[in-house]
Amino acid sequence: MFIKYGPLQFSGYHRVLVSGINNGHTIQFSSEGEEAIHPVVTGGPLKYLYRLEQLHFHWLSEHSINGVKFPMELHFVHVRSDLSVVEALGKRDGLAIISVFGNVQAEIDDFEPHVTEIMEYIPHLMNTGDRVSGVILDMTKLFSPNKESYYTYSGSLTSPECNEAVIWIIFDEPVYLTDAQYRQFGKIGVGRHNFRSLQKIKHHLVFTPGETRIHMPQIAVFFGDVIKLFREFFRKIGTFMSNGIKSR
Ligand SMILES: [Zn+2]
């Protein structure tokens, strides 16, 4: 396996119009406005163009690298730009999720945490149902500093029976936040955990681009309670819809 489509190419992530919501499970920022102005990514393992639908957080990461979890994981959820969300869910390559780990670093001189801009909105999203809208974010600050080094595999959002609709791109270099910023997430009312219990799935083929060092990460993918995941799956679709992202 190799990365067929050259380097990843991002466009439109510098100024992204979003609305934020605490949906009771996570903090999510969804693209607002016409689909034509949503940021898009292509290249790497992606044959098509994918438009950004939403960004959400998990505190404790869902994936692990070499068995080690990170304090946080950001998921940038993209839909193939020639498809509606519903159509995309039925295709093997309908969704692309870019994952960035968040690590915590003590506040020291000249340490600039990556997440500062988005953190301004977190205090307004502490309780389920809280919303902010008309927010403009520079999402490039939330990307891993090294966008050339990532793992990628095809996986599913939900159960093994489900159509495998997601191309995962998992950057291995984290972004950083401060202790105080991380503690703020701990106070958010979304239940005790918003990551799923993980189980390693051995048959996923994981590969890294180009000449980056070859080591097999223990990419863990959630498995767990299928029923619960199904519910979450459909709730996610519901969230897409209720946020005005229309199917065509
Ligand atoms: Zn997620």
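**Close-up 1. Three histidines hold the zinc ion in this predicted model.** His56 (NE2), His58 (NE2) and His75 (ND1) are the protein donors, 1.9 to 2.0 Å from the zinc ion; donors here are N, O and S atoms within 2.8 Å of the metal (3.2 Å for Na, K and Ca), and with water not among the atoms, sites may look incomplete. Along the chain the spacing reads H-x1-H-x16-H. His58 sits in strand β5 (residues 46–59) and His75 in strand β8 (residues 72–80), so this pair ties together parts 17 residues apart in sequence. Strands are DSSP runs of E, at least two residues, numbered from the N terminus. His58 is buried at 4% relative accessible area, and His75 is buried at 2% (buried is under 20%, exposed over 50%, partly exposed in between; 1.4 Å probe, protein chains only).

**Close-up 2. Thr26 meets the backbone of Phe57.** A polar atom of the Thr26 side chain lies 2.5 Å from the backbone oxygen of Phe57. Thr26 belongs to the loop between β2 (16–22) and β3 (27–31), and is buried at 7%.

**Close-up 3. Arg51 pairs up with Glu35 and with Glu53.** Both are salt bridges, N to O, at 3.5 Å for Glu35 and 2.7 Å for Glu53 (a side-chain nitrogen of Lys or Arg within 4 Å of a carboxyl oxygen of Asp or Glu). Arg51 and Glu53 are buried, while Glu35 is partly exposed at 23%.

**Notes.** Residues are numbered from 1 along each chain as its sequence is written. Local features need pLDDT of at least 70 and side-chain atom pairs 80 or more, totals for chains, interfaces and linings use all residues, and side-chain values use heavy atoms, leaving out hydrogens and water.

Notes. Helices (H or I, at least four residues) and strands (E, at least two) are DSSP runs, numbered from the N terminus. A polar contact is a pair of N or O atoms within 3.5 Å; within protein, one must be able to donate a hydrogen and the other to accept it, and residues adjacent in sequence count only if both atoms are side-chain atoms.
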